[in-house]
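Reader: I would be grateful for a close look at the internal cavities of this protein. Please describe what encloses them and then place them in the context of the whole fold.

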Amino acid sequence: MKLIQIHPSDNAAVALEDIARGETLESSSLTALEDIRRGHKIALKDIPAGGDVVKYGCVIGQAKEDIPAGAWVHVHNVRTGLSEGGSYVYNHKIFPLPDTAPRTFMGFRRPDGRAAVRNELWIIPTVGCVNAFAQTLARENQQLVSGSVEGLCAFSHPFGCSQMGDDHAQTRKLLAALARHPNAGGVLVLGLGCENLTMEQFKEELGQWDDRRVKFLICQETEDELAAGAALLEELAEYSGTFRRVEIPAGELVVGMKCGGSDGFSGITANPTVGRFSDRLIALGGSTVLTEVPEMFGAESILFGRCADETVFRKAVSMVEDFKRYFISHGQVVYENPSPGNKAGGITTLEDKSCGCVQKGGRAQIVDVLRYGESVVHKGLNLLCGPGNDLVSATALTAAGAHLILFTTGRGTPFGAPAPTVKISTNTALFKAKPGWIDFNAGTVAEGETLDSAGERLLDFVLEIAGGKPAKSEQRGARDISIWKDGVVL
């Protein structure tokens, strides 16, 4: 099979293999009028100038010119139909979730009852000025990684000072949320002493903490910050080392979902595979989190009808509208999103990209909409306000409480967030080309595996990762954060 028509109403299909000009396709009488690369679209019928181009059963753009059947359908002859405006009506839809037998994983149980999939020591700087000290402490104290203590990481960032208003608040909120993350068995909060984000502010944002688990160090107030930091890390390691893996129901997992370096296969293989996984985890009582608001533009209707009630619907609409205003306030149009890599992989418009992106959300009800820096409180599918940038959104997913992150990609990327970041390839060629980057191959869906089978296989794999199997990004030491900013720097 060289083509896939995703929905019966589609007038454009996706090439599963390279198609040569003049080639007659499968049992149809369709003949390719030009070379069409794998992942790109071909017109199944004549599309008049100004007519809708349909994929996923949704309009993904309008034809700039007459497009004959068999022609390549892409940026040269299709334009976006999006604008800054939009109106939304709540039309509630409920879809059944799959029957799934109870599952468990081997994780850590924290004193407050929360589950964790890692037992690590985290160093969190309150300000970028102490990044070098944080990295030195992590590098020079790796001997503490032993027994059930599985890692020691420092999460550098450039902020915490010279910020105002919302940016200052977002930095404080994001860092405190990371400090509360259950995967951290011990946390060293490292400050300088004169930054805007004072230790007092940080503690107020953090709320109650266990002083066995969280330690604080202000570098300007100690003669030898490296010796003092090492001593505190040793105390944290002693406490963290008391935890052991125990059997925990899969329904206690929180999993973040994101994509990057998408291609024409993303919405056909990897993203709907993650959607099938999401439905299964939610059926088990678990939670998933979907972010990247700009990559919902044009596909909002696919999500909004699944909001559990009108309150959630209004929060979802507000999230999208606020993000559009964010674009407009910076003089940017809301629809210029697909990257050069996206376009090279076969994605034509933002609608095309978004309709593929939201496949990760499966068919479950949306139970809540979270602001940036907020954490999951309701079990089920959650939407999280955040940009599409890979590291910014993956950091936000971690701060929201995601134990691990599923990251689908058609082109590959080596980055990792604080939470284990599992890379899922949209195509088998990438899986084979980048074995040091890619954890799971969903390209098998294009080769005949059903989405339900792939989703079940992904659930098995996620439970292995939750049980301690390191993701490729963890093996390579790729652990970073990035904080969203909007305003001025003093």
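Author: In this predicted model, a search of the whole structure yields 1 cavity of 30 Å³ or more. The volume of the largest cavity is about 70 Å³.

Its wall may be considered next. The lining of the largest cavity consists of 14 residues. Those that lie nearest the centre are S262, S266, I347, K353 and G356. Among the elements of secondary structure, helix α9, which covers residues 350-357, gives the most to this lining, with 4 residues. In terms of residue class, the lining of the largest cavity comprises 6 polar, 4 nonpolar and 4 charged residues.

The surrounding protein provides the context. Its secondary structure amounts to 13 helices and 21 strands. The radius of gyration of the protein is 23 Å, and the globule rule gives 23 Å for 490 residues, so the protein is as compact as a globular protein of that length. The C-alpha trace spans about 80 × 45 × 40 Å along the principal axes of the protein.

Burial and contacts complete the description. Of the 490 residues of the protein, 56% count as buried. Among contacts with a separation of 6 or more, 72% are between residues 24 or more positions apart. The accessible surface of the protein is about 19000 Å², and carbon and sulfur atoms account for 51% of this surface.

Technical notes:
Residues numbered from 1 in each chain as written. Predicted model: local features only at pLDDT ≥ 70, side-chain atom pairs only at ≥ 80, totals over all residues. Heavy atoms only, no water. 1 Å grid on protein atoms, 1.4 Å probe; cavity = no way out; pocket = protein on both sides within 12 Å on 5 of 7 lines; lining within 4 Å. Points joined across faces, edges and corners; volume = space filled by probe spheres on them. Helix = DSSP H or I, 4+ residues; strand = E, 2+ residues; numbered from the N terminus. Nonpolar A, V, L, I, M, F, W, Y, C, P; charged D, E, K, R; others polar. Rg over C-alpha atoms; globule rule 2.2 N^0.38 Å. Buried < 20%, exposed > 50% of the residue type's maximum accessible area, 1.4 Å probe, protein only. Contact = heavy atoms within 4.5 Å. Areas by Shrake-Rupley, 256 points an atom, 1.4 Å probe, with all protein chains shown as cover.
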